[in-house]
Amino acid sequence: MNLVLDIALLALMGIVAIAIIRLRDLVAVTMLASIYSLLAATMFVILDAADVAFTEAAVGAGISTVLMLAALNLTGFTEKAPLRSAFVPVLIVIATGLVLGYGMMDLPRYGDPSAPIHLHVAPKYLQDTGPEIGIPNVVTAVLASYRGYDTLGETTVIFTAGLGVTLLLSGRRRRRATPESSS
Amino acid sequence: MMFAAAAIAMLATTALAMVRALAGPTVFDRIAALNMVGTKVTLLIVAAGFLIDRTDYLDIALTYALINFIGTVAVLRFYRVEAENPRGDSA
């Protein structure tokens, strides 16, 4: 059943990706990118990476859709037809994909318990998380408790960045609105 | 078996919603399709969770439902702002 889900989700993602390349209506492209993110997030859930899936769903499908629409509002809603043929870029992308695929062959099998990443600190976390913290999901425990200060720092950085962008954009709107409208 | 059938039905409806997202002539068709895909993906996660006996997927699905709702409201609100003060070329 997992195999069926994997194949179906990846096929849908492939269709969406091709449609994103072909379409020139950028609002449609934004919506499709959001759908792509949702499908990718589902893929992550099925691969049992709940925290990555949350990030993908919140950022990819939520925030970035709104940000993209706001950007399109300033730039225009249709993409210009390309001036040159896409032959060389396509060649480069295919070559990069082949190299990455070749590199993947050296990776350990998915879920292999003897993979190097499962032998270093993972057994300690798996053993000690229950008695020390008591959160059933070990990844969440590592992110929110063992690396709590790290996560707090990241949140602070993102919050500051968002605050800065909001301040910049609100200043722009005020200047823009004064000459246009009297209200 | 029942959950497998439900999961496959969810995948089929996701595909149908995606057809609307690809074809949809107006922006609102696409927004509705986006919301639809979000809902179906949420239900798919629930079905998959019961399928492989991981009922904690229910929490993930709940969060997805919240994110999906907020996202749709944000997009629609953006369009209302856009409709009230149109600027240059609008959709």
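**Exercise 1. Sort the lining of the largest cavity by residue class, then find where the lining comes from.**

*Solution.* Start with the classes: the lining of the largest cavity has 5 nonpolar, 6 polar and no charged residues. Here Ala, Val, Leu, Ile, Met, Phe, Trp, Tyr, Cys and Pro count as nonpolar, Asp, Glu, Lys and Arg as charged, and the others, Gly among them, as polar. Please keep in mind that this is a predicted model, where local features need pLDDT of at least 70, side-chain atom pairs count only at pLDDT 80 or more, and totals for chains, interfaces and linings use all residues. Residues are numbered from 1 along each chain as written, chains are lettered from A in the order in which they are written, and side-chain values use heavy atoms, with hydrogens and water left out.

Next, the cavity itself: the whole structure holds 1 cavity of 30 Å³ or more, and the volume of the largest is about 80 Å³. A cavity is a set of points on a 1 Å grid over the protein atoms alone where a 1.4 Å probe fits but cannot get out, and lining residues have an atom within 4 Å of a point. Its lining includes Ser34(A), Leu38(A), Ile67(B) and Val75(B).

Finally, the elements: two or more lining residues come from each of helix H2 (26-46) and helix H3 (50-75) of chain A and helix H3 (57-84) of chain B. H3(B) gives the most, with 5 residues. Helices are DSSP runs (H or I, at least four residues), numbered from the N terminus.

**Exercise 2. Locate the salt bridges and say what each one joins.**

*Solution.* Count first: there are 2 over all chains, each a side-chain nitrogen of Lys or Arg within 4 Å of a carboxyl oxygen of Asp or Glu.

Take Arg30(B) and Asp25(A), which meet at 3.9 Å, N to O. Arg30(B) lies in helix H2 (residues 27-51) of chain B and Asp25(A) in the loop between helix H1 (2-22) and H2 of chain A, so this pair joins two chains. Arg30(B) is buried at 6% relative accessible area, while Asp25(A) is partly exposed at 28% (buried is under 20%, exposed over 50%, partly exposed in between, with a 1.4 Å probe and protein chains only).

Now turn to Lys124(A) and Asp128(A), at 3.6 Å, N to O. They sit 4 residues apart in helix H5 (residues 122-132) of chain A, about one helical turn. Lys124(A) is partly exposed at 43%, and Asp128(A) is partly exposed at 22%.

Key
On a 1 Å grid over the protein atoms alone, a cavity is a set of points where a 1.4 Å probe fits but cannot get out, and a pocket is an open set with protein on both sides within 12 Å along at least five of seven lines; lining residues have an atom within 4 Å of a point. Grid points are joined across faces, edges and corners, and a volume is the space filled by probe spheres set on the points.
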